[in-house]
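Biologist: Please take one part of this model, the sheet with its strands, and go through it closely in a single connected account. I would like to follow how the pieces are arranged before I look at anything else.

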Amino acid sequence: MTRRRISGKYLTCLQCRRVFPASELEKERREKKRDIYVCPYCGSTSFTKDFSDVVLIIDPKESKVAKFLKIIHPGVFAYSLE
Ligand SMILES: [Zn+2]
C-alpha cells in the first residue's frame with residue numbers, strides 16, 4: 001500500500017485566514033465523510049492555495065498584526081490573500 005505524499009501543501013481559509021496543512025483538512029474531511037473541506041474554526045468552506053506571507057499570532061491582544069487582520073485567536077495565519 002502506498003501513501004500519497006501531500007506534505008508541503010497548505011490551504012488558507014478565506015474567512016478566518018487560518019493556514020492548514022492540506023493533509024489535516026483531508027483527514028478531517030474523511031473522518032466527517034464530507035465532500036468538501038470545512039474550516040474547523042469558522043465553518044467556512046472557501047479555501048485558497050494562493051497566499052503569501054504567514055504570520056504566527058501568539059498573543060492576539062498584544063499583536064498589532066492581529067488587530068490589523070482582525071484575528072482574535074492564536075495560530076498561524078496568512079497575511080496576504082491573493
Ligand atoms: Zn476559517
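Modeller: I will start from one residue, bearing in mind that this is a predicted model. Leaving aside its neighbours within four places in sequence, Cys13 is in contact with Arg18, Cys39, Cys42, Ser44 and Phe47. Two of these partners, Cys39 and Phe47, join Cys13 in the largest nonpolar core, which has 6 residues and also takes in Leu11, Phe20 and Leu25.

From there the sheet itself can be laid out. It is an open sheet of 3 strands in the order S2-S1-S3, with antiparallel pairing. Strand S2 (19-21) and strand S3 (47-48) are at the edges, and because each has a single partner strand, one side of each is left without a neighbour in the sheet. Helix H1, spanning residues 22-31, packs on the sheet, where it touches S1 and S2, and its direction makes about 75° with that of S2.

Turning to the pairings, strand S1, residues 10-13, is joined to S2 in the antiparallel sense by 3 bridges. Within this pair, Tyr10 stands opposite Pro21 of S2, while Thr12 faces Val19 of S2. On the S3 side, S1 and S3 also run antiparallel and are joined by 2 bridges, and here Thr12 has Thr48 of S3 as its bridge partner. Thr12 therefore has a partner in each of the two edge strands, Val19 in S2 and Thr48 in S3. As background, strands of a sheet pair through backbone hydrogen bonds, either parallel or antiparallel.

The connection between S1 and S2 deserves a separate look, since the two strands form a hairpin with 5 residues between them. Arg17 is placed in this loop, and its phi is near 70°, a positive value in a residue other than glycine. Most residues other than glycine have a negative phi. Arg17 counts as buried because it has 23 C-beta neighbours inside 10 Å, where 20 or more are required.

A second residue can be set beside it, although it belongs to another strand. Asp53 lies in strand S4, residues 51-57, and has a positive phi of about 65° although it is not a glycine. Asp53 has 9 C-beta neighbours inside 10 Å and so counts as exposed, whereas Arg17 counts as buried.

Note on methods:
Residues are numbered from 1 along each chain as its sequence is written. This is a predicted model: local features need pLDDT of at least 70, side-chain atom pairs count only at pLDDT 80 or more; totals for chains, interfaces and linings use all residues. Two strands pair if DSSP finds at least two bridges between them. Helices (H or I, at least four residues) and strands (E, at least two) are DSSP runs, numbered from the N terminus. Two residues are in contact if their C-beta atoms, placed from the backbone, lie within 7 Å. Axes are lines fitted to C-alpha atoms, for helices over the stretch in contact, and angles run from 0 to 180 degrees between N-to-C directions. A nonpolar core is a set of buried Ala, Val, Leu, Ile, Met, Phe, Trp, Tyr and Cys residues joined through C-beta atoms within 7 Å. A residue is buried if 20 or more other C-beta atoms lie within 10 Å of its own, exposed if 12 or fewer, and partly exposed in between; C-beta atoms are placed from the backbone.
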